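Colleague: Hey, I'm new to this one. Could you walk me through it?

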2 protein chains.
Amino acid sequence: MTHAPAGIDRRACAALDAADPLASFRSRFDLPEGVVYLDGNSLGALPRDTPAFVQHVMREEWGVGLIRSWNDAGWFAKPTDLGDRLAPIIGAAPGETVIAESTSTSLFQAAAAAARLRPKRRVIVAERGNFPTDLYMLESVQELMGGGTALERRLIADDGPTLADVLDEDVAVVVLTHVDYRTGRMHDMAEVTRQVHEAGAVVVWDLCHSVGAVPVDLNAAGADLAVGCTYKYLNGGPGSPSFIWVAERHQAAVRPPLTGWHGHAKPFDFTVDYAPAPGITRFRIGTPQLLSAAGLEASLRMWAEVDMARIRKKSLALTDLFIDLVDTRLADRFGAEVVTPREHHRRGSQVSLRVDGGYPIMQALIERGVIGDFRAPDLIRFGFTPLYTSFTDVWDAVVRLEDILTTGVWREAHFERRGEVT
Amino acid sequence: MTHAPAGIDRRACAALDAADPLASFRSRFDLPEGVVYLDGNSLGALPRDTPAFVQHVMREEWGVGLIRSWNDAGWFAKPTDLGDRLAPIIGAAPGETVIAESTSTSLFQAAAAAARLRPKRRVIVAERGNFPTDLYMLESVQELMGGGTALERRLIADDGPTLADVLDEDVAVVVLTHVDYRTGRMHDMAEVTRQVHEAGAVVVWDLCHSVGAVPVDLNAAGADLAVGCTYKYLNGGPGSPSFIWVAERHQAAVRPPLTGWHGHAKPFDFTVDYAPAPGITRFRIGTPQLLSAAGLEASLRMWAEVDMARIRKKSLALTDLFIDLVDTRLADRFGAEVVTPREHHRRGSQVSLRVDGGYPIMQALIERGVIGDFRAPDLIRFGFTPLYTSFTDVWDAVVRLEDILTTGVWREAHFERRGEVT
């Protein structure tokens with residue numbers, strides 16, 4: 001127990017775990033033995049009840065109910081039903097959220113719809129630090145929504161230009177990620193939304209790294225549209241469906257850009273012309289992938305028991321502890337720099353470190369049972385998911401990282417780059 | 001056994017089953033006891049091996065492998081790997097097919113890409129009889145791909161106008177459904193493709209009701225692009241992912257309209273600008289829904305054992321038998337009219353009947369364990385899936401239908417319309 005920060009050792013961490021009001025949730029997940037999993041910000045862990053729930057959907061709803069389950073098992077309404085289950089986690093009213101296809105497709109659907117709310121304006125503002133697919137899908141929005149002339153893109157960044165630098169009367173839509181996927185930096189949603197509205201534009205929030213990680217209140221912030229994914233902190237399963245949120249006041253004003261039959265007013269009249277359904281339903285496109293939706297439903301049933309204020313309190317305690325331990329044990333000796341904001345109100349539920357040799361260091365760490373990830377060019381990333389991450393996990397992760405840096409084992413050739421994934 | 005057509009009774013059907021080289025596949029499905037399932041053209045039945053396969057993906061790949069499974073379990077390559085598994089069923093070469101999001105979204109991605117192959121032409125031709133979501137998504141293509149002025153739509157139909165009537169030098173794209181979802185009428189893919197090409201246009205084939213139902217050879221037909229769904233005759237599970245096929249000769253020429261990170265040349269470089277991946281991969285959009293993809297994978301593993309020539313032979317025998325029995329027992333007495341073409345080369349793997357009281361008749365039939373479906377305004381539809389439909393199923397379905405029509409039980413009030421799905 002060398003280099004322990006003042007007052008903290010593994011025993012103290014165990015005491016924090018013993019006093020944790022969320023501790024019982026850890027047993028609701030099937031985590032592999034001996035693994036410290038700090039990558040729930042990329043793919044959440046498997047909830048214990050999920051396999052049986054998905055089995056039920058397969059054997060009973062599909063196998064026995066067959067086509068009848070579209071009515072009898074509520075399949076057709078599943079995207080809006082699950083949207084309403086998700087609503088409390090993001091501060092949405094009932095009827096504002098719908099489970100959709102991939103986050104990328106939803107980003108297009110939402111941002112292109114937003115552009116239609118400001119048809120005379122020609123600029124889309126986004127962040128250089130948006131997850132790249134947001135920027136890529138915005139290229140589609142720029143090309144397809146400009147009426148023959150591509151919309152202009154203006155990129156902002158945490159080191160400038162700022163939002164204030166680029167906002168003017170030409171800006172139609174601002175697409176921002178609430179919590180930055182690399183640094184964990186969190187925007188002040190209410191303040192930024194106010195700023196965007198003041199310029200007459202609408203804001204689309206990407207909640208991928210905040211839903212289930214930090215309290216989100218879209219309606220309190222006066223937000224316009226939002227999208228997010230459910231396979232990170234919500235633990236919906238690999239590639240589980242994304243969601244689209246549209247403030248009730250905007251829903252009737254927008255014809256969605258992608259007009260599929262599940263968003264039709266009367267899908268079973270089989271008419272040849274599209275007519276949008278009332279409400280959030282119009283943002284649906286095609287048939288939902290129902291086994292993946294079942295994985296999400298199993299998890300959302302558990303989330304109904306979760307208090308987001310407790311999630312936030314524990315998240316900050318976990319990330320504070322991690323930052324303290326890195327500062328004390330790794331900063332001076334190994335040059336590990338915490339790039340995540342230290343101010344609570346600017347921090348999501350992850351901590352990222354800038355360190356030379358990030359990729360092989362993370363590979364060595366994974367081999368020793370601590371799973372985080374690497375984000376090019378030089379960040380190693382640790383996600384803290386209060387439902388199943390413990391304070392002793394934090395301790396063990398830092399101690400093992402310290403060991404790898406001390407021994408230099410990460411310099412061995414087999415930890416070199418081979419290709420990595422989200 | 002009144003009204004039996006010449007030489008056919010239930011015993012003769014049982015003899016046909018005993019001689020059926022595909023009979024053993026029926027035991028590879030978990031069909032509920034006492035049900036004659038003739039709606040596999042809407043939602044295929046549950047393959048016996050699927051639940052265990054999906055469990056494996058949940059417990060081992062997700063639960064234990066966690067984020068590592070993106071590499072170790074081949075998750076990232078899954079859409080193209082499954083596309084290549086599907087390829088032989090549609091006459092595709094390796095590297096031409098990718099598993100995607102909903103069929104609606106794929107129809108947009110394919111048809112909008114096709115429009116980019118003929119940027120100076122202003123017309124999209126479709127069929128009134130396309131499944132409606134195709135027409136709805138084509139409205140999005142018309143609006144978004146016309147460079148500020150909506151593309152013109154021309155609709156053809158089996159009762160005119162014909163394709164020849166509308167094809168001219170203004171036509172960019174023709175979107176046709178290979179097998180009509182209501183009538184089961186099949187196009188001559190090679191001949192129609194030739195006709196479209198002669199006019200200088202490109203064709204997008206919707207294979208939803210033909211993939212796994214009839215032999216399809218896209219490359220032999222010289223087709224351009226195609227989409228299809230996998231939850232009907234392929235038995236991938238409710239809402240299982242659609243596919244996109246793009247002839248190799250077109251792949252490099254098109255920037256996809258929806259530019260997501262899974263279609264990026266270097267997704268893990270996290271650059272701010274989109275650059276399309278080589279080959280079919282560029283048609284990917286976002287993160288695949290992997291539990292639903294697992295359902296499809298389980299089914300495609302079984303399909304590797306299937307001989308499409310046998311499927312076709314049995315499909316025609318089943319539909320011939322059904323048509324014969326309807327003609328003999330139901331046509332004169334009850335006015336039931338077979339609307340599906342009687343010529344083999346124009347018939348898919350379903351038979352539709354026009355009959356007064358279609359909706360309540362089908363509801364009464366479902367209550368008696370024969371599951372088909374109803375398509376507005378007046379068709380009852382029966383899908384024959386050679387992997388699990390038997391000749392005695394056909395016999396039993398017609399006999400029960402005859403009984404319902406004879407007794408008039410379908411006129412009871414509780415069989416009236418309540419809302420039906422897909």
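Colleague: What share of the residues of chain A count as buried?
Modeller: Of its 422 residues, 67% count as buried. Keep in mind that this is a predicted model.

Colleague: OK. And how many helices and strands are there in chain A?
Modeller: Chain A has 14 helices and 13 strands.

Colleague: What radius of gyration does chain A have?
Modeller: It's 22 Å, which agrees with a compact globule, because a globule of 422 residues would have a radius of gyration near 22 Å. If you'd rather think in boxes, the C-alpha atoms of chain A fill roughly 70 × 55 × 40 Å along the principal axes.

Colleague: What about contacts along chain A, how many of them link residues 24 or more positions apart?
Modeller: Counting contacts with a separation of 6 or more, 73% are between residues 24 or more positions apart.

Colleague: And the surface of chain A, how much of it belongs to carbon and sulfur atoms?
Modeller: The accessible surface is about 13800 Å², and carbon and sulfur atoms account for 50% of that. As for charges, chain A carries 44 positive and 55 negative side chains. The centres of those two sets lie 2 Å apart.

Colleague: Switching topic: how many residues does each chain put into the contact between chain A and chain B?
Modeller: Chain B gives 89 residues and chain A gives 90. The area buried between them is about 7900 Å², with 62% coming from carbon and sulfur atoms.

Colleague: Which three residues of chain B supply more of its buried area than any other three?
Modeller: Those are B:W62, B:Y136 and B:Q289, which supply 10% of the area that chain B buries against chain A.

Colleague: Let's zoom in. Is helix α13 of chain A mostly covered or mostly open?
Modeller: Mostly covered. The helix runs over residues 358–367, and 9 of its 10 residues are buried. Among them are A:Y359, A:I361, A:M362 and A:L365.

Colleague: What covers the buried residues of α13 in chain A?
Modeller: The cover includes three strands of chain A, β11 (370–371), β12 (373–375) and β13 (379–383), plus helix α14. Just after α13 in chain A, A:G369 takes a positive phi of about 90°.

Colleague: You mentioned α14. Where is A:V409 found?
Modeller: A:V409 is in the segment after α14 (391–407) of chain A. It counts as buried because its relative accessibility is 13%, and the cut-off for buried is under 20%.

Colleague: And what does A:V409 touch?
Modeller: Not counting residues up to four places away in sequence, A:V409 touches A:R368, A:I404 and A:F415. There's also a link back to the helix we just discussed: the C-alpha atoms of A:V409 and A:I361 are separated by 8.4 Å, with their positions 48 residues apart along the chain.

Colleague: Over to chain B. Is B:V98 buried or exposed?
Modeller: Buried, because its relative accessibility is 0%. B:V98 is found in strand β2 (residues 97–99) of chain B. Leaving aside neighbours within four places in sequence, its contacts include B:P79, B:T80, B:F243, B:I280 and B:F283.

Colleague: How far is B:V98 from B:D188?
Modeller: They're 24 Å apart, C-alpha to C-alpha, and 90 residues apart in sequence.

Colleague: What about B:A150, where does that one sit?
Modeller: B:A150 is in the loop between α6 (132–145) and β4 (152–156) of chain B. Apart from neighbours within four places in sequence, B:A150 is in contact with B:R122 and B:Q142. The C-alpha atoms of B:A150 and B:A15 are separated by 58 Å.

Colleague: Now the backbone. Which residues does the cis peptide bond in chain B join?
Modeller: B:A376 and B:P377, with omega about 5°. B:P377 lies in the loop between β12 (373–375) and β13 (379–383) of chain B. In chain A, the bond from A:G160 to A:P161 is cis, with omega near -5°. A:P161 is in the loop between β4 (152–156) and α7 (163–166) of chain A.

Colleague: Why point those out?
Modeller: Because most peptide bonds are trans, and most residues other than glycine have a negative phi.

Colleague: So what phi does A:L66 have?
Modeller: A positive one, about 50°, although A:L66 is not a glycine. It's in the loop between α2 (50–64) and α3 (69–72) of chain A, and A:L66 is buried, with a relative accessible area of 0%.

Colleague: And B:L66, what phi is it given?
Modeller: B:L66 has a positive phi of about 50°. B:L66 is buried, with a relative accessible area of 0%.

Definitions and conventions: Residues are numbered from 1 along each chain as its sequence is written. Chains are lettered from A and ligands numbered from 1 in the order in which they are written. This is a predicted model: local features need pLDDT of at least 70, side-chain atom pairs count only at pLDDT 80 or more; totals for chains, interfaces and linings use all residues. Side-chain values use heavy atoms; hydrogens and water are left out. Helices (H or I, at least four residues) and strands (E, at least two) are DSSP runs, numbered from the N terminus. The radius of gyration is taken over C-alpha atoms; the globule rule is 2.2 Å times the number of residues to the power 0.38. Buried means under 20% relative accessible area, exposed over 50%, partly exposed in between (1.4 Å probe, protein chains only). Contact means heavy atoms within 4.5 Å. Accessible areas come from the Shrake-Rupley method with a 1.4 Å probe; for residues, only the protein chains shown count as cover. Lys and Arg count as positive and Asp and Glu as negative; His and the chain ends are not counted. The place of a charge is taken as NZ of Lys, CZ of Arg, CG of Asp or CD of Glu. Buried area is the accessible area (1.4 Å probe) that two parts lose on being put together, summed over both.
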